[in-house]
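The exercises below are to be worked with the sequence and the coordinates open. Each one sets a task and then gives a solution in steps.

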Amino acid sequence: MQKTGDRLNVGLSSPSDGADPTAAYVHIPFCRRRCYYCDFPVSIVGDRPPLARQTGSDTGFGAIAAYLDPLCQEIAHTPGDRPLTSIFFGGGTPSLLEPGQVQQILTALDQQFGIAAGAEISIEMDPDTVDLAKARGYQAVGINRVSLGAQAFQLDVLQACGRTHTPADIDRAIDSLRQAGFTNISLDLISGLPHQTPETWEESLQRAIALAPTHLSIYDLIVEPQTAFSRWYQPGESPLPSDQVTADLYRLAQQRLTAAGFEHYEISNYAQLGYRCQHNGVYWRNQPYYGFGMGAASYIHQQRYTRPRTRAAYFDWVKNLPNRPGPLDVPIDPIQDTFLETVMLGLRLAEGLEFKAMADVFGLGLVQHLWQLLTTYTDTGWIEWAPVLESEHHSHQDKGHPPSPRVRLSDPEGFLFSNVVLSDIFQALGDDPVETPCRERMESAV
Ligand code: SF4
């Protein structure tokens, strides 16, 4: 784990910032079964014993092996001249990979970009896809952070979601990881699941705390169209908790986790001192990153790109990479307004937005307009001044001027109503619809 302190400077990458990324996301789009709330583009490999070795077939678990060559070819065709300081294997269920397969991808990344000493290298893991041998294997190839998708600690809740693991699997996975030497383990929990109550949520929080993770991500369920949940349930109606109960679950998590010593540093994330997720910090700071693999998105030189979302189309796209003028293709909308992105991402963070730095990048007019909008929330208590950080104070003293004010959403009420605040800001300052962070897609929770 790269412990670089707990400072996250909020996203002010200038539109002229052309540096190559130092963060890489690697997408592994395979799962054993589809969870009932999930609409991600994943290939289902079936329920064969999760720790069995893959065959040479290109279906089932063999499909995972067939994916690696195109993935590594894509990496080899992507230019970049800065060593990576964070790598994140996400999915899907990346822990379906054997350690040797992870090593193959890490070697490709190292050969192309270099991997910096102390880089944070994370993998998302489902609790029933790891045993001690596999955990040791991951440790040996350089993984140093695990994000474990616990989601809940009640068997009936897990089964109602179509999850393949049990609460006992969570304990076993943590035990194996610790025995293998992992010290940086994050747990994901989801609130708002069917049959969840304040009592079972309290139980999940307490069991998670008892496992002493270094980090916790708490996501609120979204019932997405095209999922089994959307056919079965209406948001806010039984067996899903009501909106009022869901809000109470958010408050309960904030109370219990901060009382247990976790810092609520981002709207959905809590960390022990020194264990904020460095990789996700890149997204929240609006800094560049590579994305590799089917459907993955990149943000390079102020342009966002995405890749084909089916395996066949992705394999075709990789085959043609050498003939293309650039290494990447299928650009999605370039940033129309970095300012709005910066506001949306910055307000996710406990450190909030620093107005002077924003004015330097985006101009005083826009920042004044934002300020006027935010002051309309003064009476609600959702907006507050953020304290100047010790490190910030010193750095500004060095520059001979005082630090400028920071504004943030209050915790928990401001975070809870962030969708209201951000919708107003987007309506006033831009045309794009806002994807509300409080009810974000559970991209990191799988
Ligand atoms: S929620 Fe996660 S584990 Fe479940 S199907 Fe979706 S990507 Fe796979």
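**Exercise 1. Cysteines.** Decide whether Cys-161 is buried or exposed, and find how many disulfides the chain has.

Solution.
Step 1. The relative accessible area of Cys-161 is 2% in this predicted model. Burial requires a value under 20%, so Cys-161 is buried.
Step 2. The nearest cysteine sulfur to that of Cys-161 belongs to Cys-35, at 7.7 Å. A disulfide needs the two sulfur atoms within 2.5 Å, so Cys-161 is in no disulfide.
Step 3. Under that cut-off the disulfide count is zero.
Step 4. Cys-72 is another buried cysteine, with a relative accessible area of 13%.

**Exercise 2. The largest cavity.** State how many cavities of 30 Å³ or more the structure has, and describe the lining of the largest cavity.

Solution.
Step 1. Searching the whole structure gives four cavities of 30 Å³ or more.
Step 2. The largest cavity holds about 160 Å³ of space.
Step 3. Its lining consists of 15 residues, and those closest to the centre are Cys-31, Arg-33, Cys-35, Thr-93 and Asp-126.
Step 4. Sorted by class, the lining has six charged, five nonpolar and four polar residues.

**Exercise 3. Cis peptide bonds.** For the bonds from Gly-91 to Gly-92 and from Ser-238 to Pro-239, give omega and place the second residue of each in the secondary structure.

Solution.
Step 1. Omega is near 15° for the bond from Gly-91 to Gly-92, which is cis.
Step 2. Gly-92 sits in the loop that runs between strand S4 (84-91) and helix H2 (99-112).
Step 3. Omega is near 10° for the bond from Ser-238 to Pro-239, also a cis bond.
Step 4. Pro-239 belongs to the loop between helix H7 (228-232) and helix H8 (243-259).

**Exercise 4. Positive phi.** Locate Ala-212 and Asn-286, give phi for each, and assign each to an accessibility class.

Solution.
Step 1. Ala-212, a residue other than glycine, has a positive phi near 55°. Its loop lies between helix H6 (198-210) and strand S8 (215-220).
Step 2. The relative accessibility of Ala-212 is 47%; this falls between the limits of 20% and 50%, so Ala-212 is partly exposed.
Step 3. Asn-286, likewise not a glycine, has a positive phi near 60°. The loop that holds Asn-286 is between helix H9 (278-284) and strand S11 (290-292).
Step 4. Asn-286 has 2% relative accessibility and therefore counts as buried.

**Exercise 5. Surroundings of Gln-154.** Place Gln-154 and list which residues Gln-154 touches, leaving out those up to four places away in sequence.

Solution.
Step 1. Gln-154 is in the loop between strand S6 (145-151) and helix H4 (155-160).
Step 2. Because its relative accessibility is 6%, Gln-154 counts as buried.
Step 3. With residues up to four places away in sequence set aside, Gln-154 touches Pro-167, Thr-200, Glu-203 and Ser-204.
Step 4. From Gln-154 to His-195 the C-alpha to C-alpha distance is 9.8 Å, with their positions 41 residues apart in sequence.

**Exercise 6. The whole chain.** Summarise the chain by secondary structure, burial, contacts and exposed area.

Solution.
Step 1. The chain has 16 helices and 16 strands.
Step 2. Of its 446 residues, 57% are buried.
Step 3. Among contacts with a separation of 6 or more, 74% join residues 24 or more positions apart.
Step 4. The exposed area is about 17800 Å², and 51% of it comes from carbon and sulfur atoms.

Terms used: Residues are numbered from 1 along each chain as its sequence is written. This is a predicted model: local features need pLDDT of at least 70, side-chain atom pairs count only at pLDDT 80 or more; totals for chains, interfaces and linings use all residues. Side-chain values use heavy atoms; hydrogens and water are left out. On a 1 Å grid over the protein atoms alone, a cavity is a set of points where a 1.4 Å probe fits but cannot get out, and a pocket is an open set with protein on both sides within 12 Å along at least five of seven lines; lining residues have an atom within 4 Å of a point. Grid points are joined across faces, edges and corners, and a volume is the space filled by probe spheres set on the points. Ala, Val, Leu, Ile, Met, Phe, Trp, Tyr, Cys and Pro count as nonpolar, Asp, Glu, Lys and Arg as charged, and the others, Gly among them, as polar. Helices (H or I, at least four residues) and strands (E, at least two) are DSSP runs, numbered from the N terminus. Buried means under 20% relative accessible area, exposed over 50%, partly exposed in between (1.4 Å probe, protein chains only). Contact means heavy atoms within 4.5 Å. Accessible areas come from the Shrake-Rupley method with a 1.4 Å probe; for residues, only the protein chains shown count as cover.
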